[in-house]
Amino acid sequence: MKAFRILVVEDDTLVGVLVGRMLEEMGYDVCAIEATKADAVTAAAQHRPDLMIVDAWLGDGSGVSAVEEILRAGFVPHLFMSGNIPGVKALRPGAVVLQKPFRGAELARAIQHALDATAAS
């Protein structure tokens, strides 16, 4: 059985690496960790992830707009990480949003929630 591939988009290198390690410890395959909107879009097309975990606010722009661009090519389950949940919900009312900072158990619940939301639609 192939590993579940996750694309992480996070402009803070340390946070990206830590999230990647958490995911790998949970048994996921982190196909890429990207820091910019452009790199996220490219990585999604190249790796075709099973799930995306995206920082809503990137230094060079919006993780929300990166996801919107990626979704034009086809749906990919996703969740956002943010310290500003109301701001993300204002842009994407139905989004799954994980409050920063978070622990592994919270990340696991958010992943399951994003996957359950996909299955329900």
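**Figure 1. Pairing of strands β6 and β7 in the predicted model.** Strand β6, which spans residues 78–82, runs parallel to β7, and 3 bridges connect the two. Within this pairing, Met81 has Leu98 of β7 as its bridge partner.

**Figure 2. The open sheet and its strand order.** The sheet is built from 5 strands, arranged in the order β2-β1-β3-β6-β7, with parallel pairing. Its edges are formed by β2 (29–34) and β7 (97–99), each of which pairs on one side only. On average, neighbouring strands are turned by 20° against each other when direction is ignored.

**Figure 3. Helix α1 packed on the sheet.** Helix α1 comprises residues 13–25 and touches the strands β1 (5–9), β2, β3 (51–55) and β6. The direction of the helix makes about 170° with that of β2.

**Figure 4. Helix α3 across two strands.** Residues 63–71 form helix α3, which lies across β3 and β6. Relative to β3, helix α3 runs at about 155°.

**Figure 5. Strand β3 and its residues.** Strand β3 is mostly covered, with 5 of its 5 residues buried. In a regular strand, side chains alternate between the two faces of the sheet. In β3, Leu51, Ile53 and Asp55 point one way, whereas Met52 and Val54 point the other way. The residues on both sides are buried.

**Figure 6. The two neighbours of strand β3 in the sheet, β1 and β6.** Strands β1 and β3 run parallel and are joined by 4 bridges. In this pairing, Val9 stands opposite Val54 of β3. Strands β3 and β6 likewise run parallel, and 4 bridges join them. Here Met52 has His78 of β6 as its bridge partner.

**Figure 7. The surroundings of Ser82 in strand β6.** Ser82 has a relative accessibility of 0% and therefore counts as buried, the limit for that class being under 20%. The side chain of Ser82 makes a polar contact with the side chain of Trp57, at 3.2 Å. Leaving aside residues up to four places away in sequence, Ser82 touches Ala56, Trp57, Val88, Val97, Leu98, Gln99 and Lys100. One of these residues, Leu98, is also the bridge partner of Met81 in the pairing with β7.

Terms used:
Residues numbered from 1 in each chain as written. Predicted model: local features only at pLDDT ≥ 70, side-chain atom pairs only at ≥ 80, totals over all residues. Heavy atoms only, no water. Pairing = 2+ DSSP bridges. Axes fitted to C-alpha atoms, helices over the stretch in contact; angles between N-to-C directions. Contact = heavy atoms within 4.5 Å. Buried < 20%, exposed > 50% of the residue type's maximum accessible area, 1.4 Å probe, protein only. Polar contact = N/O pair within 3.5 Å; in protein donor to acceptor, adjacent residues only side chain to side chain.
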